[in-house]
Amino acid sequence: MYKVTLTQIVEKMNLENHLPEIDTDKIEITQSDVNRPALQLAGFFDHFDSERVQIVGNVEYTYMNKLVDDNRATEIYEKLFSSRIPCIIFCRGLKPCERMVKAASKYEVPILTTQRQTSEFTAELIRWLNVELAPRISIHGVLVDVYGEGVLIMGESGIGKSEAALELIRRGHRLVSDDVVEIKKISDETLIGSSPEVTRHLIELRGIGIIDVKTLFGVESVKMSQSIDLVIQLEEWNKNTDFDRMGLEEKYIEFLGNKVVCHAIPIRPGRNLAVILECAAINFRAKKMGYNAAQELYDRVTGSLNTEE
């Protein structure tokens with residue numbers, strides 16, 4: 001199970017901590033969903049998910065201000081913080097009351113505040129947590145941003161993946177990762193690829209060694225992360241292998257349950273692989289926009305046959 005510390009959230013979201021004596025490094029978040037404790041403030045704790053980050057907006061704050069019964073308010077705050085929630089965040093610059101701060105301090109639950117609007121902050125926090133806590137795997141390959149499309153180049157070791165990526169970089173495209181690609185499943189539709197920190201911006205070229213792409217080609221030649229839109233599987237040329245020549249039917253490869261379009265490209269001496277990869281990316285984008293050259297040819301041929309008949 002992946003996790004982030006509360007300190008990371010505080011730093012990322014620029015939150016103010018009202019109880020700085022509590023060590024936020026030891027508090028771990030494992031769920032990307034958050035909760036607005038409206039029912040809990042009313043005393044209903046059935047099915048309460050205490051592992052989620054708790055967010056207080058204007059509605060909850062207004063209700064808390066109407067808790068004129070000190071004993072009732074203290075009882076609710078005691079029950080809320082004793083459930084070991086990771087933290088509670090006040091939005092819109094709202095401030096917690098002394099009774100709440102006292103209960104939070106007793107159970108060592110941080111109280112944080114932000115000036116941002118509740119809905120905006122909640123959406124941004126969930127988006128960030130979805131990325132940080134997403135299921136992930138590491139695979140052998142090279143990820144390059146080609147015309148805005150994330151092209152994952154795969155194939156056996158030594159087949160020429162890094163060399164193809166280097167040529168693409170020289171042609172103005174951007175490197176995301178070489179050799180090892182970390183893939184995160186952000187949603188059922190989106191996979192994000194990135195590089196391990198230790199090999200970021202580096203490429204291994206056999207016979208030369210390690211080169212720093214960012215240093216040699218500038219910051220415009222690299223990228224931190226990229227969605228994986230297309231997979232290119234490089235394979236040694238074999239005349240007995242039946243490679244797709246029309247492209248009428250898409251083939252897919254699966255990562256973490258998500259399917260990605262995959263093309264197998266045969267490798268032979270003299271082929272300009274960088275140009276082929278560029279064409280593959282452009283053709284993929286054209287298909288997303290509704291134009292399929294293979295289907296267009298098929299329609300022309302069938303239309304011509306029908307006319308002759």
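**Exercise 1. The five-stranded sheet**

Work out in which order the strands of the open, five-stranded sheet lie, and which strands are at its edges.

*Solution.* The order is β2-β7-β6-β5-β4, with mixed pairing. The edge strands are β2 and β4 (34-35), since each pairs on one side only. Strands here are DSSP runs of E with at least two residues, helices are runs of H or I with at least four, and both are numbered from the N terminus. Two strands pair if DSSP finds at least two bridges between them. The model is predicted: local features need pLDDT of at least 70, side-chain atom pairs count only at pLDDT 80 or more, and totals for chains, interfaces and linings use all residues. Residues are numbered from 1 along each chain as its sequence is written, and side-chain values use heavy atoms, with hydrogens and water left out.

Next, take one pair from the sheet. β6 (residues 88-90) and β7 (residues 111-113) run parallel and are joined by three bridges. I89 stands opposite L112 in β7.

**Exercise 2. A hairpin**

Describe how β14 and β15 are joined, and which side chains of β14 are buried.

*Solution.* Start with the direction. β14 (residues 202-205) and β15 (residues 209-212) run antiparallel, with four bridges between them. One partner pair is L205 and G209. The two strands form a hairpin with three residues between them. In the turn, G207 has a positive phi of about 95°.

Now the side chains. In a regular strand they alternate between the two faces of the sheet. In β14, I203 and L205 point to one face and are buried, while L202 and E204 point to the other and are not. Buried means under 20% relative accessible area, exposed over 50%, and partly exposed in between (1.4 Å probe, protein chains only).

**Exercise 3. Positive phi outside glycine**

Locate N14 and L256, and state how accessible each one is.

*Solution.* Most residues other than glycine have a negative phi. N14 has a positive one, near 55°. N14 lies in the loop between α1 (6-13) and β2 (16-17). Its relative accessibility is 66%, so N14 counts as exposed.

L256 also has a positive phi, near 55°. The loop that holds L256 runs between β18 (252-255) and β19 (258-267). L256 has 27% relative accessibility and so counts as partly exposed.

**Exercise 4. Cysteines**

Find how many disulfides there are, taking a disulfide as a pair of cysteine sulfur atoms within 2.5 Å.

*Solution.* The count is zero. Take C91: the nearest cysteine sulfur, in C87, is 11 Å away. C91 is buried, because its relative accessibility is 0%. For C97, the closest cysteine sulfur is that of C91, at 17 Å, which is too far for a bond. C97 is partly exposed, at 28%.

**Exercise 5. The second largest pocket**

Give the volume of the second largest pocket and the make-up of its lining by class.

*Solution.* The volume is about 340 Å³. The lining has 17 residues, and I27, R84, I85, P86 and E108 are the closest to the pocket centre. By class there are seven nonpolar, three polar and seven charged residues. Ala, Val, Leu, Ile, Met, Phe, Trp, Tyr, Cys and Pro count as nonpolar, Asp, Glu, Lys and Arg as charged, and the others, Gly among them, as polar. A pocket is an open set of points on a 1 Å grid over the protein atoms alone, where a 1.4 Å probe fits, with protein on both sides within 12 Å along at least five of seven lines; lining residues have an atom within 4 Å of a point. The volume is the space filled by probe spheres set on the points, which are joined across faces, edges and corners.
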